[in-house]
Amino acid sequence: MRDNVLFINRNHMEIQEFLNAMQDYDFEIDTADSGLEAAILLRKKNYKVVITGMNLSTYDGMKLLAYLNGYSPYTACIVYTTTINLAQLRVLVNERDVFRIFLKPVNYRGDFYHAIQDGFAYYDMRQAEQEEQKVLELKQKSIEDIETQEATATGEYEWKQMGQFMRRLLPWSVENFQIPLNEEQKKLFNVFEQKILDYYLEPDYAACDNMEKVCGCIQEEFETDDMGQQVIVNINQRPVNPKNGFYEQLHFILWILLTQIAMISPNYTVTIDMDFELPFRPIIRIKAKVPEEKIKEYQENRVVQDGVKVVSCIVEAFTEQCNIEITPDRIVCQLQLRTEERKKTKL
């Protein structure tokens, strides 16, 4: 776009004086002697610099500046007027984003000319920034589109999104729970966190969508005869209108609790009692009988003890309440869940 100026002034002699002063310079000049004429020109053409007085007929300078702020924000606006008070000055600078202000009389070939040249540079800079931003947005969109297509083509898009989400929002890091551990203990906790992620982000992992699948998955993962492991599941009634994702949430809670039990003792007999007699507030009780010597080892192992605290915090985030009690020969967990969606409060 070529450098151009719109000079607006109700005094024809001042318009001619400006044209005479600028005749040796190579930029386009349009003029208008009223606010209405200027408005018509502004609707037809973009200007890098607009020079206007304040007291114009039909459409005053303040209205023209407001129009330029909304429809041509990169245009450098120069006010050239006889007088100006403090209130007008504040409005022009703080609200109308005026580029320069000059009081009459002025030497058009001096600072006034340099202000026009600065206005051209200002317009070009703002426009270049806009173009650069558009290019960056297009590049980013192209990259995202390619990644989406590639991930979708291999069937991994959803897992990729889930992985990014979980890694950003993991609530069970050692730092979040403010547990004082040495570097070796922190490494062990990092392994535990990674184990959770690896399990849930396996490409062939399928979310549980019914009670039978929840029970089947838990028994398949934690019940091994040759390891002395047994998992018994008892269900009293069934969930009523469970919310979306309830079974997957239930599976995760059971999985992380039994994982922690297995860290305390590889030998156990676990009984899971799920009571849905209260339709929307089911009670889950997990009783794990383990060898007494494993409980003693647990009581001497700070990392495993803090692991129970971390797991408890995780489970509490998903439940109404969570209590974990460890006796000399057993581990008992009791939870209360919600099966229905929380109702949104109307404002």
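**Notebook: helices, a pocket and cysteines**

I looked up Thr 259 and found that it counts as buried, because its relative accessibility is 3%, where buried means under 20%. I note at the outset that the model is a predicted one. Thr 259 belongs to helix H9, which covers residues 246-264. I then checked the contacts of its side chain: the side chain of Thr 259 reaches the backbone oxygen of Trp 255 at 2.7 Å.

**Entry on helix H1**

I turned to H1, which spans residues 12-22. Which residues of H1 are buried? I recorded Glu 14, Ile 15, Phe 18, Ala 21 and Met 22. I looked down the axis of H1 and found these buried residues within an arc of 130°, so they line one face of the helix. His 12 and Met 13, on the other side of H1, are exposed. I also examined the start of H1, where a side-chain oxygen of Asn 11 comes to within 2.8 Å of the backbone nitrogen of Met 13.

**Entry on the second largest pocket**

Asn 11 appeared again when I listed the lining of the second largest pocket. I noted that this pocket holds about 150 Å³ of space. Its lining includes Asn 9, Arg 10 and Asn 11, together with Gly 53, Met 54, Asn 55 and Leu 56. Tyr 80, Thr 81, Thr 82, Thr 83 and Lys 104 also line the pocket. I sorted the lining by class and obtained three nonpolar, seven polar and two charged residues.

**Entry on Gln 127**

I located Gln 127 in helix H5, which runs over residues 111-153. Is Gln 127 buried or partly exposed? I found a relative accessible area of 27%, so Gln 127 is partly exposed. I then compared positions along the chain and in space: Gln 127 and Tyr 74 are 53 residues apart along the chain, while their C-alpha atoms are separated by 6.9 Å.

**Entry on the cysteines**

How many disulfides does the structure hold? I counted zero. I recalled that a disulfide is a covalent bond between the sulfur atoms of two cysteines. Why does Cys 215 form no such bond? I found that the closest cysteine sulfur, in Cys 208, is 9.2 Å from the sulfur of Cys 215, which is too far for a bond; the cut-off for a disulfide is 2.5 Å. Cys 215 counts as buried because its relative accessibility is 12%. I checked Cys 77 as well, and this residue counts as buried because its relative accessibility is 1%.

Note on methods: Residues are numbered from 1 along each chain as its sequence is written. This is a predicted model: local features need pLDDT of at least 70, side-chain atom pairs count only at pLDDT 80 or more; totals for chains, interfaces and linings use all residues. Side-chain values use heavy atoms; hydrogens and water are left out. On a 1 Å grid over the protein atoms alone, a cavity is a set of points where a 1.4 Å probe fits but cannot get out, and a pocket is an open set with protein on both sides within 12 Å along at least five of seven lines; lining residues have an atom within 4 Å of a point. Grid points are joined across faces, edges and corners, and a volume is the space filled by probe spheres set on the points. Ala, Val, Leu, Ile, Met, Phe, Trp, Tyr, Cys and Pro count as nonpolar, Asp, Glu, Lys and Arg as charged, and the others, Gly among them, as polar. Buried means under 20% relative accessible area, exposed over 50%, partly exposed in between (1.4 Å probe, protein chains only). Helices (H or I, at least four residues) and strands (E, at least two) are DSSP runs, numbered from the N terminus. The arc is that of the directions from the helix axis to the C-beta atoms. A polar contact is a pair of N or O atoms within 3.5 Å; within protein, one must be able to donate a hydrogen and the other to accept it, and residues adjacent in sequence count only if both atoms are side-chain atoms.
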